[in-house]
Amino acid sequence: MDQALTEEIKRLTSLGLHRRCVEGALEGVAAKTLEINRLKKEKNAVVCAHVYQTPDIILGIGDLVGDSYKLADDCRKTTADVIIFCGVHFMAETAKILNPSKKVYVPSKNAGCSLAEAITGADVRNLKAEYPGLPVVTYINTSAEVKAESDCIVTSANAEKILRKMYEKHERLIFVPDRFMGANLAKALGKTPGKDIILWKGTCVVHERFNPELIKVYRKNYPGLVALAHAECPSELINAVDFMGGTGDMMRYVESTDAAAYLLVTECGFGELAKLRFPEKNFIAMCRLCPYMKSITLDSMLALLKDPSPEEVTVPADIAARAKHSIDKMFELAA
Ligand code: SF4
């Protein structure tokens with residue numbers, strides 16, 4: 001076997017990737033990660049990998065790894081000429097808005113998001129006309145056009161903190177597009193949906209379907225279980241768990257606690273990563289695959305690096321300028 005390939009197999013094994021491969025499959029994965037990492041270097045490209053990606057992408061080829069807030073923040077500091085986003089399209093748009101001189105790509109045409117597709121710029125303009133004077137706080141899972149109509153962006157990592165600050169100056173506000181996250185935040189802040197916080201009807205196709213009844217079943221079967229759920233889940237589910245947050249919060253919670261077992265109610269890639277990061281801890285799966293995130297593979301990465309032009313992400317300059325204003329507001333209030 002080629003020396004470089006042998007070294008790559010050793011590297012992936014040291015990261016624990018052999019534990020998620022069937023016998024003999026690691027060699028094929030290593031051949032792809034080796035070639036991708038070589039092409040990345042040649043093009044001075046950086047790969048942003050969201051925690052919902054598969055571990056071969058996150059650990060094998062990812063340079064910047066994290067949730068949407070961390071990736072947006074890290075992207076601002078990169079010296080690479082090219083940003084390849086192994087995440088979904090709205091994340092890549094955000095990276096482009098923050099780095100207008102860099103080329104930004106997503107290695108899949110299908111990397112959308114049900115939340116981002118739930119609302120348009122025209123919908124936000126209509127809401128503003130219906131509720132004049134109310135600030136629009138927008139979850140980052142939206143298009144650049146929607147961000148351009150907003151006053152401030154939030155992610156699941158900072159939404160509660162930013163909303164608290166917004167409520168210091170405003171009695172009411174509009175929160176779009178995730179109605180479940182909006183209701184969960186309203187409860188945490190003692191606000192009433194429809195009165196203090198105007199919500200939209202968007203949902204995440206992954207998080208809207210978890211069954212709260214199953215949490216009771218798992219608790220019976222695993223004494224000492226701690227259940228963690230993403231803030232995009234419906235309130236009935238959130239009421240049944242011990243901790244609600246974004247994926248960054250959930251990872252920190254696992255790292256800093258020592259429960260008998262953890263039930264991670266979110267996208268499957270997060271659970272896979274947690275198992276690899278904390279092999280000594282006990283994880284119970286209650287996950288769903290995001291079809292958009294999972295449309296990215298090592299093969300689609302290789303195809304992109306060989307012919308990137310069809311997958312370039314662009315944002316019209318006027319929309320980018322207005323969207324940047326609301327994203328910068330997030331960085332200011334989250335600091
Ligand atoms: S998990 Fe949900 S919110 Fe995240 S990209 Fe998939 S559909 Fe969108």
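## The main core

A nonpolar core is a set of buried Ala, Val, Leu, Ile, Met, Phe, Trp, Tyr and Cys residues joined through side-chain atoms within 4.5 Å. The model described here is predicted. Its largest nonpolar core holds 101 residues. Within that core, Phe85 and Phe175 touch the most other members. Helix α15, residues 317-334, gives the most to this core, with eight residues. Apart from it lies another core, of 14 residues. Leu225, Ala229, Cys233 and Leu237 are among the members of that other core.

## Phe175 and Ile197

Start with Phe175. Residues up to four places away in sequence are not counted here. Beyond them, Phe175 touches Val137, Tyr139, Val154, Met181, Gly182 and Leu185. Phe175 also touches Ile197, Ile198, Leu199 and Trp200.

Ile197 has its place in strand β8. Its relative accessible area is 1%. Buried means under 20%, so Ile197 counts as buried. With neighbours within four places in sequence left aside, Ile197 is in contact with Leu163, Tyr167, Leu173, Phe175, Gly182, Ala186 and Thr192. Ser108 is another matter. The C-alpha atoms of Ile197 and Ser108 are separated by 35 Å. Along the chain, these two residues are 89 residues apart.

## Two covered helices

Helix α5 spans residues 89-98. Nine of its 10 residues are buried, so helix α5 is largely enclosed by the rest of the structure. The buried residues are Phe90, Met91, Ala92, Glu93, Thr94, Ala95, Lys96, Ile97 and Leu98. What do they pack against? The partners of α5 are β1, α4 (68-75), β3 (82-86), β4 (103-105), α7 (144-148) and α15.

Helix α13 spans residues 268-277 and is mostly covered. Seven of its 10 residues are buried. They are Cys268, Gly269, Phe270, Gly271, Leu273, Ala274 and Leu276. These buried residues pack against two helices, α3 (55-58) and α12 (247-256). They also pack against two strands, β11 (261-267) and β12 (283-288).

## The ligand

Where does the ligand sit? The ligand sits in the largest cavity. Around the ligand are Tyr52, Val88, Cys113, Ser114, Leu115 and Asn141. Cys204, Val205, Val206, Glu232, Cys290 and Tyr292 surround the ligand too. The shell divides into nine nonpolar residues, two polar and one charged.

## Loops and local geometry

Pro177 is found in the loop between β7 (173-176) and α9. A cis peptide bond joins Val176 and Pro177. Omega for that bond is about -5°.

Gly194 is found in the loop between α9 (179-189) and β8 (197-199). Is Gly194 buried or exposed? Its relative accessible area is 53%. Exposed means over 50%, so Gly194 counts as exposed. Gly194 and Ile174 are 20 residues apart along the chain. Their C-alpha atoms are separated by 9.4 Å.

Asn44 lies in the loop between α2 (25-43) and β1 (45-50). Asn44 has a positive phi of about 50°, although it is not a glycine. At 34% relative accessibility, Asn44 counts as partly exposed. The reason is that 34% falls between the cut-offs of 20% and 50%.

How values were computed: Residues numbered from 1 in each chain as written. Predicted model: local features only at pLDDT ≥ 70, side-chain atom pairs only at ≥ 80, totals over all residues. Heavy atoms only, no water. Buried < 20%, exposed > 50% of the residue type's maximum accessible area, 1.4 Å probe, protein only. Helix = DSSP H or I, 4+ residues; strand = E, 2+ residues; numbered from the N terminus. Contact = heavy atoms within 4.5 Å. Near = heavy atom within 4 Å. 1 Å grid on protein atoms, 1.4 Å probe; cavity = no way out; pocket = protein on both sides within 12 Å on 5 of 7 lines; lining within 4 Å. Sits in = over half its atoms within 2 Å of the grid points. Nonpolar A, V, L, I, M, F, W, Y, C, P; charged D, E, K, R; others polar.
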